[in-house]
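Trainee: I would like a close look at a single helix in this protein, at which of its residues are buried and what covers them. After that, please place the helix in the rest of the chain.

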Amino acid sequence: MTAQKSDVLIVGGGFMGSASAFFLCQRGHSVTLLERDQIGQYASGVNFGNVRRQGRHLAQLDLANRSWALWKRLPQLIGEDLEFLPSGHMRVCYDEALIDDLHAYAAAPEARELDLEVIAGKALHERFPFLGPEVRGGSYAPHDGHANPRLAAPAFARAAVRAGARVEEGVEVLDVQKVAGEFQVTTADGRLFTAANLLITAGAWGSKLSEQFGEAVPLETHGPQMAVTEPVPYSLPTVIGVYTKVPEEVIYFRQIERGNIVIGGGYRSRPDMLTRRAHVEPRSTLNQIQQMRRLLPAAVNLNIIRVWSGIESYTPDSLPVIGASGKVDGLFYAFGFCGHGFQLGPGVGDVMAELISTGQTSTHIAPFDIRRFSPAPILSSAESPSLQLTSKVL
Ligand SMILES: Cc1cc2nc3c(=O)[nH]c(=O)nc-3n(C[C@H](O)[C@H](O)[C@H](O)COP(=O)(O)OP(=O)(O)OC[C@H]3O[C@@H](n4cnc5c(N)ncnc54)[C@H](O)[C@@H]3O)c2cc1C
């Protein structure tokens, strides 16, 4: 069998794999991207479309800031804008006690670039008169916004192809191993690909591949719930999301310029990983309608015209896996994005390209190291305390 060779082989053509392919080509690598189904078919193509930094784990903000800078430059970078509108994001709460949390987040040094403004009471309702009377406070992020997820991964994959990448759809990777200093990847259609570096961006299926190198990740899969209304005149440019400790109250919406209001949140479903389908829970749609009445009373009579879900993977600490393998040189991971990966897509691609090219990255990704899921190392008494501290941080 003749092997097909490249510098970097990427498994998984969601947003992460497609963006990585593009940025790797820009750095002069030969790149092959293999996608089992269609580019952007899963989470990357069906998500809510929030391009939001505020509310993220503070450890993610350095990466989210890098990504945001790329979102702004997309037309120059890839020739398409993905309908990105930096139209502001508002994180609101019903419980006055939570306004302190919004202030604390806004004051965190990591959130400095977000220029957050916490607004409460009368001032809030004067500025956002469409919000329901139960809303007590909110944090406004002027630079965040939203984009069209259906466009994202295919646009990056097309740009990668123009930059020299080989992108193949309908090719499932079954076996990955490193033999005599090179990665050997076998596909379901019986082909062999080899590469000096291997990047696994297989989303909810990432651990199936990382475990072949002894680095399993305890991923859980869930199906976030989405709905969209009939179109009405465009009047709500700001994305609104509820910050709450009550699961039913978690809801968010955005209006697209064509007029439809996209709604997300509520009870997530359990995807069927055999058929690769994530179903809509009717109780979730009903809950979204009820919660929208509180948040945006004017939407009470709008018809829901479509509902959907998608397969997303979640780690126990709600942080993704990004970075080099702890076991195998030349092996890299970017998966397990816990419902927050869309905004990060361009940044992840850029960081992975930097890391694979140079062996390091200027962006803070240490908290996302895959070694945090390895069984705790057994330290001998001769090992120094500083070594113990390092292994805890990872
Ligand atoms: C309904 C929903 C709403 C969301 N809303 C938001 C949001 O508003 N904002 C936000 O930031 N994030 C959001 N997310 C999360 C975001 O969509 C994901 O974190 C992100 O798209 C993950 O991208 P990915 O490339 O890692 O994974 P995926 O898009 O799942 O791509 C992985 C790809 O790998 C392929 N693959 C897997 N195994 C193999 C194999 N063996 N061989 C070849 N190919 C393989 C799969 O076919 C798939 O195409 C949402 C997710 C969902 C599901």
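Mentor: The buried residues of helix H9 are Ser 284, Asn 287, Gln 288, Gln 291, Met 292 and Leu 295. Around the helix axis these residues take up an arc of only 140 degrees, which means that they sit on the same side of H9. An α-helix has 3.6 residues a turn, so residues three or four places apart point the same way. On the other side of H9, the exposed residues are Pro 282, Arg 283 and Leu 286. The model is a predicted one.

As for dimensions, H9 runs over residues 282-295 and has 14 residues. From its first C-alpha to its last it reaches 20 Å, close to the 20 Å expected at 1.5 Å a residue. The cover over the buried residues of H9 includes four strands: S13 (225-229), S14 (239-242), S15 (251-255) and S16 (261-265).

Next, the wider layout. The protein is divided into domain 1 (4-46 + 150-218 + 316-373) and domain 2 (89-142 + 224-309). Taken over C-alpha atoms, the centres of domain 1 and domain 2 are separated by 31 Å. Both domains take part in the shell around the ligand, with at least three residues drawn from each. That shell has 40 residues, and the closest to the ligand are Gly 12, Gly 14, Gly 203, Gly 310 and Gly 341. By class, 17 residues of the shell are nonpolar, 18 are polar and 5 are charged. Helix H1 (15-26), helix H2 (43-46) and helix H10 (341-358) each supply at least two residues of the shell.

A second helix can be set beside H9. Helix H3 (residues 61-72) has 12 residues, which should span 16 Å at 1.5 Å a residue, and its end C-alpha atoms are indeed 16 Å apart. The buried residues in H3 are Leu 61, Leu 63, Ala 64, Arg 66, Ser 67, Trp 68 and Trp 71. They pack against strand S3 (50-51), H4 and H10. H10 thus has a part in two places, since this helix also supplies at least two residues of the shell around the ligand.

From H10 the chain can be followed to Phe 368, which lies in the loop between H10 and helix H11 (385-393). Phe 368 counts as buried because 22 other C-beta atoms lie within 10 Å, the cut-off for a buried residue being 20 or more. Leaving out residues up to four places away in sequence, Phe 368 touches Leu 319, Pro 320, Val 321, Ile 322 and Gly 323. For one of these, Val 321, the C-alpha to C-alpha distance from Phe 368 is 4.9 Å, although the two are 47 residues apart in sequence.

Ser 318 is found in the loop between strand S18 (312-314) and strand S19 (321-324). Its phi is positive, about 60 degrees, although Ser 318 is not a glycine. With 14 other C-beta atoms within 10 Å, Ser 318 is partly exposed.

Glu 83 also has a positive phi without being a glycine, here of about 55 degrees. Glu 83 lies in the loop between helix H4 (74-78) and strand S4 (89-93). It has 17 C-beta neighbours inside 10 Å and so counts as partly exposed. The loop between H4 and S4 holds Glu 80 as well. Glu 80 is partly exposed, with 16 other C-beta atoms within 10 Å. Apart from residues up to four places away in sequence, Glu 80 touches Leu 74, Pro 75, Leu 151 and Ala 155. Leu 102, by contrast, is 22 residues from Glu 80 in sequence and 34 Å from it in space, C-alpha to C-alpha.

Glu 83 comes up again in the contacts of Ala 147, which are with Gly 49, Val 51, Leu 82, Glu 83, Phe 84 and Ala 152 once neighbours within four places in sequence are set aside. Ala 147 is in the loop between strand S7 (145-146) and helix H7 (149-162). Ala 147 is buried, because 24 other C-beta atoms lie within 10 Å and 20 or more are enough. The C-alpha atoms of Ala 147 and Pro 271 are separated by 25 Å, with their positions 124 residues apart along the chain.

To return to the request, H9 has its buried residues on the same side, while Pro 282, Arg 283 and Leu 286 are exposed on the other.

Key: Residues numbered from 1 in each chain as written. Predicted model: local features only at pLDDT ≥ 70, side-chain atom pairs only at ≥ 80, totals over all residues. Expected span 1.5 Å × (residues − 1). Buried ≥ 20, exposed ≤ 12 C-beta atoms within 10 Å, placed from the backbone. Arc of directions from axis to C-beta. Contact = placed C-beta atoms within 7 Å. Near = placed C-beta within 6 Å. Nonpolar A, V, L, I, M, F, W, Y, C, P; charged D, E, K, R; others polar. Domains from an automatic or database assignment.
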